[in-house]
Amino acid sequence: MKPKKIPMRMCLGCGENKPKRELVRVVKSPEGEISLDLTGKKSGRGAYICRSAECLLKARKSRRFEKSFSCRIDDSVYEVMENELRSEND
């Protein structure tokens, strides 16, 4: 039996390839709403970051989410995502 393939994704903050289960999905829904997808099952365009607020800040500073989703993201959306990540890690 050959070993099961582990899906890998790249973190938009640090740029490292990691197993998909170690990362958090950020999703842009068909309605245009951007949010954290902790389950990984929401419909829409997805991008991945590590479970640390530092990677979120790096991705925000370099505007990687805006490039990935092809839209402008409001600062309040970033603040909500950062609060969710911090509460998840506590």
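Here is a chat about salt bridges and the sheet in this predicted model.

Me: Before we start, what ground rules apply to the numbers?
Reply: Residues are numbered from 1 along each chain as its sequence is written, and side-chain values use heavy atoms, with hydrogens and water left out. Since the model is predicted, local features need pLDDT of at least 70 and side-chain atom pairs count only at pLDDT 80 or more, while totals for chains, interfaces and linings use all residues.

Me: Why is Arg25 called buried?
Reply: Buried means under 20% relative accessible area, exposed is over 50%, and partly exposed is in between (1.4 Å probe, protein chains only). Arg25 has 11%, so buried is the word for Arg25.

Me: What makes Arg25 and Asp37 a salt bridge?
Reply: The term asks for a side-chain nitrogen of Lys or Arg within 4 Å of a carboxyl oxygen of Asp or Glu. For Asp37 and Arg25 the N to O distance is 3.0 Å, and the pair passes. Asp37 is buried, just as Arg25 is. Asp37 sits in strand E4 (residues 34-37) and Arg25 in strand E3, so the bridge ties together parts twelve residues apart in sequence. Side chains of opposite charge can pair when their charged atoms come close.

Me: Which backbone oxygens lie 2.8 Å from a polar atom of the Arg25 side chain?
Reply: Those of Lys42 and Gly44. A polar contact is a pair of N or O atoms within 3.5 Å; within protein, one must be able to donate a hydrogen and the other to accept it, and residues adjacent in sequence count only if both atoms are side-chain atoms.

Me: Which residues does Arg25 touch, leaving out those up to four places away in sequence?
Reply: Among them are Ser35, Leu36, Gly40, Arg45 and Tyr48. Contact here means heavy atoms within 4.5 Å.

Me: How many salt bridges does a search of the whole structure find?
Reply: Six. One of them joins Arg60 and Asp75, with the closest N and O atoms 3.2 Å apart. That pair links distant parts of the chain, with Arg60 in helix H1 (residues 53-61) and Asp75 in helix H3 (residues 75-89), 15 residues apart. The labels come from DSSP runs numbered from the N terminus: helices are H or I with at least four residues, strands are E with at least two.

Me: Why do Arg60 and Asp75 get the label partly exposed?
Reply: Arg60 is at 26% relative accessibility, so Arg60 counts as partly exposed. Asp75 has 40%, so the label fits there too.

Me: What about Arg86 and Glu82?
Reply: Their closest N and O atoms are 2.7 Å apart, and they form a salt bridge. Both lie in helix H3, four residues apart, about one turn of the helix. Arg86 is partly exposed at 40%, whereas Glu82, at 16%, counts as buried. Elsewhere, Arg63, Glu66 and Arg72 are joined into one network by salt bridges that share partners.

Me: What makes E4 and E5 the edge strands?
Reply: Two strands pair if DSSP finds at least two bridges between them. Three strands form an open antiparallel sheet in the order E4-E3-E5. E4 and strand E5 (45-49) each pair on one side only, and that makes them the edges.

Me: How do you know that E3 and E5 pair?
Reply: They share five bridges, in the antiparallel sense. In E5, Ala47 is the bridge partner of Val26.
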